[in-house]
Amino acid sequence: MFYADLHIHSKFSRATSKDMNLETIEQWAQIKGIKLIGTGDFTHPEWLKEIGNKLNEEGNGLFTLKKQFRIEVPESCKDEVYFILSSEISCIYQKNGKLRKIHLVILSPSLKDVLKINYALSQIGSLTSDGRPILGIDAKVLMQIILEVSPESMIIPAHAWTPHFSVFGSQSGFDSLEECFEELTPHIYAIETGLSSDPPMNWRLSKLDKVILISNSDAHSPAKIGREANILDTELSYKSIINAIKTGKGFLGTVEFFPEEGKYHYDGHRVCGIRLSPKETIKRNYLCPVCGKKVTVGVMHRVEVLSDREEGFKPPQAVPYKSIIPLQEIIAEINNCSVQSKGVFNSYMKAIIKLGSEYEILLNKNLSEIDKFDSKLSEAIERMRLGKVLLEPGYDGEYGRIRVFGENMETEIKGQTILF
């Protein structure tokens, strides 16, 4: 069994840390407990050159970092990390009289396939301006082109519910996969749920019963690696991993953000500081009560609109999932300080050195062992594992807040959102 984060970005993507190089990605994958990680951005020529120079092909469709580039990590989390060739494409186009903005994740089996894909895409638009290129092409047509030149590649709709850039997005998406991909829909084996939705929200759409729900970090900085991931039990090979996503065999579930922490969970208007539940948005005719402009409709609202099942429905074939809070956020709350503070990072690394990788601590470590290291941390992780958290939903690009402790507030089981 291993954890896989298939969607990240390199230093060549916009708004991405310069530290997102292969050496640091491999280092942080170990710290986090991620065994398999996407390369991200294989469409960018400079990044692809680094991939070719710094990674070894393992002969199974996966890659490892050459030894001379590896950065030391604590013995407690040291592990072999494998890379899978991945990238993200932004398709912006008109369809059925409406502007569409769809992001797609691409997984590919070899550098040879990637070169074919890149050549085909370079005939459509520039691949050099951004690690996530923007192409003026229909998502269905893009899928057709990729499958023609690389039949073993897989195309997955990215963060499927995000308002502005996704297949179901309220601002520029579609109401179904069939509306977007038409006759090629059978080649969509999975969707990425994104940070603002989790499996129970997606289970409410019966049409999604046919696809696997995957989760990835979409990391733009090393510390964000693994904030969401997939749990697999397969051979470490491209074919085995793709087969698990296609069939569900060997796909054990996902590790999830609490979706309320995602920055598009609820509706709202960031400029005016207004957050609204779906019911409140409808009551106010989709208008901001402060300025009167249209609010951004979030993921929860969009699920309510498209769903054909009641909240709480669970399909019989549904796989398990686990919701986590990033360890540095937990430590920051315990110490009542900023996540970015040096003290939080130092405490975080002490925990890693003593207890193991972040996933080991958050998901698997016996609470009694954590308690010996830090009783407050043990209590916080127990609450997180039980879903006893306090939630302030994100909206219109603002991340939500999640806490495990609160003064003068009743701790409630997730599903009953508390607005501070």
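**Figure 1. N336, in the loop between α10 and α11.** Does N336 count as buried or exposed? At 71% relative accessibility N336 counts as exposed (exposed is over 50% relative accessible area, buried under 20%, partly exposed in between, with a 1.4 Å probe and protein chains only). This is a predicted model, so to speak of local features a pLDDT of at least 70 is needed, side-chain atom pairs count only at pLDDT 80 or more, and totals for chains, interfaces and linings use all residues. Residues are numbered from 1 along each chain as its sequence is written, and side-chain values use heavy atoms, with hydrogens and water left out. Look for N336 just after α10, in the loop that leads from α10 to α11. Its backbone is the thing to check: N336 has a positive phi of about 50° although it is not a glycine.

**Figure 2. The buried residues of helix α10.** Stepping back from N336, here is α10, residues 327-335 (helices are DSSP runs of H or I, at least four residues; strands are runs of E, at least two; both are numbered from the N terminus). Buried in α10 are L327, Q328, I330, I331 and A332. What do these buried residues pack against? Their partners are α1 (22-32), α11, α12 (358-364) and α14 (375-386). An α-helix has 3.6 residues a turn, so residues three or four places apart point the same way.

**Figure 3. The largest pocket, with α10 in its lining.** The largest pocket has a volume of about 830 Å³. It is lined by 30 residues, and E261, Q328, E329, A332 and V339 are the closest to its centre. Elements giving two or more residues to this lining are α10, α11 (342-355) and β17 (401-403). A pocket here is an open set of 1 Å grid points where a 1.4 Å probe fits, with protein on both sides within 12 Å along at least five of seven lines, and lining residues have an atom within 4 Å of a point. The largest share of the lining, 6 residues, comes from α10. Q328 and A332 turn up twice: both are buried residues of α10, and both are among the residues closest to the centre of this pocket. Sorted by class, the lining holds 13 nonpolar, 6 polar and 11 charged residues (Asp, Glu, Lys and Arg are charged; Gly is put with the polar ones).

**Figure 4. The β5 and β6 hairpin, with β8 alongside.** Strands β5 and β6 run antiparallel and are joined by 11 bridges (two strands pair if DSSP finds at least two bridges). One rung to look for is I89, whose bridge partner in β6 is L104. The hairpin has 2 residues between the strands. N96 sits in that loop, has a positive phi near 50° without being a glycine, and counts as exposed at 60% relative accessibility. Strand β6 (residues 98-108) is another matter: 8 of its 11 residues are buried, so it is largely enclosed by the rest of the structure. β6 is also antiparallel to β8 (residues 154-157), with 4 bridges between them, and L107 has M154 as its bridge partner in β8.

**Figure 5. E88 and its two histidine partners.** E88 belongs to strand β5 (residues 82-95), and at 1% relative accessibility it counts as buried. Which side chains does E88 join by polar contacts? One is H7, at 3.0 Å, and another is H9, at 2.7 Å (a polar contact is an N or O pair within 3.5 Å, one able to donate a hydrogen and the other to accept it). Beyond neighbours within four places in sequence, the residues in contact with E88 (heavy atoms within 4.5 Å) include L104, G131, R132, A158, H159 and D218.

**Figure 6. The second largest pocket.** The second largest pocket has a volume of about 690 Å³. Its lining counts 29 residues, with R132, H159, D218, H220 and K263 nearest the centre. R132, H159 and D218 are also in contact with E88 from the previous view. The lining divides into 8 nonpolar, 13 polar and 8 charged residues.

**Figure 7. R302 on helix α9.** R302 is part of α9 (residues 299-306) and, at 11% relative accessibility, counts as buried. A polar atom of its side chain lies 3.1 Å from the backbone oxygen of F174. Leaving aside neighbours within four places in sequence, R302 is in contact with W161, F168, G169, S170, F174, D175 and V297.

How values were computed: Grid points are joined across faces, edges and corners, and a volume is the space filled by probe spheres set on the points.
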